[in-house]
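Reader: I should like to learn how to read a protein model with care. Could we go through one together?

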Amino acid sequence: MSANKMSLPSYHTNTPLHTSFAQDLLDVHLIYDYDAEDDNGNPEKWRYEMWFMSESRCVYAIHGGPMKGRYNYQTISVQCIRPGELWQVNWLEETGTICSLVYDITNGTVTTLLGFSKGHWENADAAHGDKRNPDDFARWKGLADIGRQTDRFMLSEQAHIVEKFRGPGNLRPVSPDVVTL
């Protein structure tokens, strides 16, 4: 490796999964609502749907809010904070957005930190669609090229889980080795 080239590690850890993963997170499907406001200050719900289909993949859909109409799947990194109670799930989107989700089993909440890329935040409509559509996937990847790393819009929110079950529900599974970036 040359002096001016550095090998960047994957954002996935090689840390073994906690033994409670199968019970706590594997195949868990969550539907959760963020309490938000529309442009006129009226209350609205931002509904998200997340399925942890394996130790390395999640599939999700967004049914409310500015990102409504987004159907996606990601490579995830998971870590147990407290077995049977708290898990953290992180991923990097093709748009350049960084996502970190804490699933609180005990309190029935999802707490997220999203570091939206400038392209993703300022062009929310362009981030709609389904990653399985090659045109949508290509357009989303282009959003990552807009702005600089420091142009991110940071959004911290907490949602209440309204439904929890096992399996894909209406979300479509993906291959365990599908390309996500």
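Author: The questions that follow concern confidence, the sheet, the aromatic rings and one arginine in this predicted model.

Reader: What is the average pLDDT of the chain?
Author: This model is predicted, and pLDDT is the predictor's confidence in each residue. A score of at least 70 is reached by 91% of the residues. The average pLDDT of the chain is 91.

Reader: Over which residues does pLDDT stay under 50?
Author: Where pLDDT is low, the predicted coordinates should not be read in detail. The stretch in question has 11 contacts beyond four places in sequence in the model. The pLDDT stays under 50 over residues 1–12.

Reader: Among the elements of the chain, which has the highest mean pLDDT?
Author: The lowest mean among the elements, 94, belongs to helix H2, residues 118–122. The highest mean, 98, belongs to residues 98–104, which are strand E7.

Reader: Which strands stand at the edges of the sheet?
Author: The open sheet has 10 strands with mixed pairing, in the order E5-E6-E7-E8-E10-E1-E2-E3-E4-E9. A strand at the edge has a single partner strand, so one side of it is left without a neighbour in the sheet. The strands in this position are E5 (77–82) and E9 (129–130).

Reader: Which residue of E8 is the bridge partner of Val-102?
Author: Strands of a sheet pair through backbone hydrogen bonds, either parallel or antiparallel. E7 and strand E8, residues 109–116, run antiparallel and are joined by 7 bridges. In E8, the bridge partner of Val-102 is Thr-111.

Reader: Which residue in the turn between E5 and E6 has a positive phi?
Author: E5 and strand E6 (residues 86–92) run antiparallel, with 5 bridges between them. One bridge pairs Cys-80 with Trp-87 in E6. The two strands form a hairpin with 3 residues between them, and the residue in the turn with a positive phi, about 75°, is Gly-84.

Reader: Why is the pair of Tyr-32 and Tyr-34 given its class, and what is that class?
Author: The structure holds 7 aromatic pairs. In the pair of Tyr-32 and Tyr-34, the ring centres are 5.8 Å apart and the planes stand at 80°. Because planes over 60 degrees apart belong to one class, the pair is edge-to-face.

Reader: Which residues do ring pairs link into a cluster with Tyr-34?
Author: Tyr-34 also pairs edge-to-face with Tyr-48, at 5.1 Å centre to centre and 85° between the planes. This pair links distant parts of the chain, as Tyr-34 is in strand E1 (residues 28–37) and Tyr-48 in strand E2 (residues 43–51), 14 residues apart. Both Tyr-34 and Tyr-48 are buried. The residues that ring pairs link with Tyr-34 are Tyr-32 and Tyr-48.

Reader: Which residue lies over the face of Tyr-73?
Author: A lysine can be placed over an aromatic ring, as Lys-141 is over the face of Phe-137, at 4.7 Å from the ring centre. For Tyr-73, the distance from the ring centre is 4.6 Å, and the residue over its face is Lys-131.

Reader: Is Arg-70 buried or exposed?
Author: Arg-70 is in strand E4, residues 70–75. Beyond four places in sequence, Arg-70 touches several residues, among them Glu-93, His-120 and Trp-140. A polar contact of 3.3 Å joins its side chain to that of Tyr-60. Its relative accessibility is 1%, so Arg-70 counts as buried.

Key:
Residues are numbered from 1 along each chain as its sequence is written. Side-chain values use heavy atoms; hydrogens and water are left out. pLDDT is the predictor's confidence in each residue, from 0 to 100. Helices (H or I, at least four residues) and strands (E, at least two) are DSSP runs, numbered from the N terminus. Contact means heavy atoms within 4.5 Å. Rings of Phe, Tyr and Trp (its six-membered ring) pair if their centres lie within 6.5 Å; planes under 30 degrees apart count as stacked, over 60 as edge-to-face and the rest as tilted. Buried means under 20% relative accessible area, exposed over 50%, partly exposed in between (1.4 Å probe, protein chains only). A charge sits over a ring if NZ of Lys or CZ of Arg is within 6 Å of the ring centre and within 35 degrees of the ring normal. A polar contact is a pair of N or O atoms within 3.5 Å; within protein, one must be able to donate a hydrogen and the other to accept it, and residues adjacent in sequence count only if both atoms are side-chain atoms. Two strands pair if DSSP finds at least two bridges between them.
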